[in-house]
Amino acid sequence: MGGIEPTKHVVFIATGTGEAPHNAMIAELLAHGHRGHIFSVVSAREWRDLAYLDVHRELERRYANYKYFALTTREPENLDPKHPKFIGKQHVQDFFGSGRFQESAGVDVDPANTHVFLCGNPLMIGLPTKGREGELMYPEPAGMVEVLEHQRYTLDEPRHPGNVHFEKYW
């Protein structure tokens with residue numbers, strides 16, 4: 001992928017159909033021998049909505065530098081506090097904001113060595129708007145842009161290159 005140094009870590013974060021474009025980018029990085037770690041984090045309503053789960057598990061088996069995190073929001077263990085395996089809804093914002101991603105990654109993932117790609121639900125992405133004075137105003141609840149900016153990542157914008165890239169479908 002143009003512009004991504006082969007030793008940098010790359011994190012793909014998606015909801016629903018946002019996973020498909022990331023799969024093509026992941027395939028390209030792996031095919032070209034990317035040496036940095038590659039992570040794919042996908043949140044879906046139910047396990048059955050994770051259409052590429054088996055493919056990603058196979059990629060994890062084949063590539064030591066690849067890891068897939070599947071999160072759900074509407075399974076019994078997400079909704080029923082009495083469920084024996086209750087974990088609550090798993091949104092990517094919480095996974096990153098809580099530090100669970102960093103713990104699970106197994107390597108130091110920080111803005112100096114990482115690019116993040118966001119694709120999917122605009123609420124997950126959480127692009128800020130500018131207020132009257134030019135200040136950034138973030139949506140509520142917080143989206144990934146705000147979570148990542150609190151971790152010192154910067155949004156990639158025209159004339160202001162950053163390490164958080166996004167694709168918005170609607």
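What share of the contacts in the chain with a separation of 6 or more comes from residues 24 or more positions apart? The share is 64%, with a contact meaning heavy atoms within 4.5 Å.

This is a predicted model, where local features need pLDDT of at least 70, side-chain atom pairs count only at pLDDT 80 or more, and totals for chains, interfaces and linings use all residues. Residues are numbered from 1 along each chain as its sequence is written, and side-chain values use heavy atoms, leaving out hydrogens and water.

**View 1. The whole chain.** Here are 7 helices and 7 strands, taken as DSSP runs (helices H or I, at least four residues; strands E, at least two) numbered from the N terminus. Starting at the N terminus, their order reads β-α-β-α-β-α-α-α-β-α-β-β-α-β. The C-alpha atoms fit a box of roughly 50 × 40 × 30 Å along the principal axes.

**View 2. The largest nonpolar core.** This one has 23 residues; such a core is a set of buried Ala, Val, Leu, Ile, Met, Phe, Trp, Tyr and Cys residues joined through side-chain atoms within 4.5 Å, and buried means under 20% relative accessible area with a 1.4 Å probe, protein chains only. Among those with the most contacts inside it are I13, F101 and M144. Helix 7 (144–150) and strand 1 (9–15) are among the elements supplying at least two residues each, and helix 7 gives the largest share, 4 residues.

**View 3. Around V41.** Leaving aside residues up to four places away in sequence, V41 touches F12, I13, A14, F69, L71, V92, F95, F96 and F101.

**View 4. A second core.** Separate from the other, this core has 17 residues, including A14, L59, Y66 and A70.

Methods:
Buried < 20%, exposed > 50% of the residue type's maximum accessible area, 1.4 Å probe, protein only.
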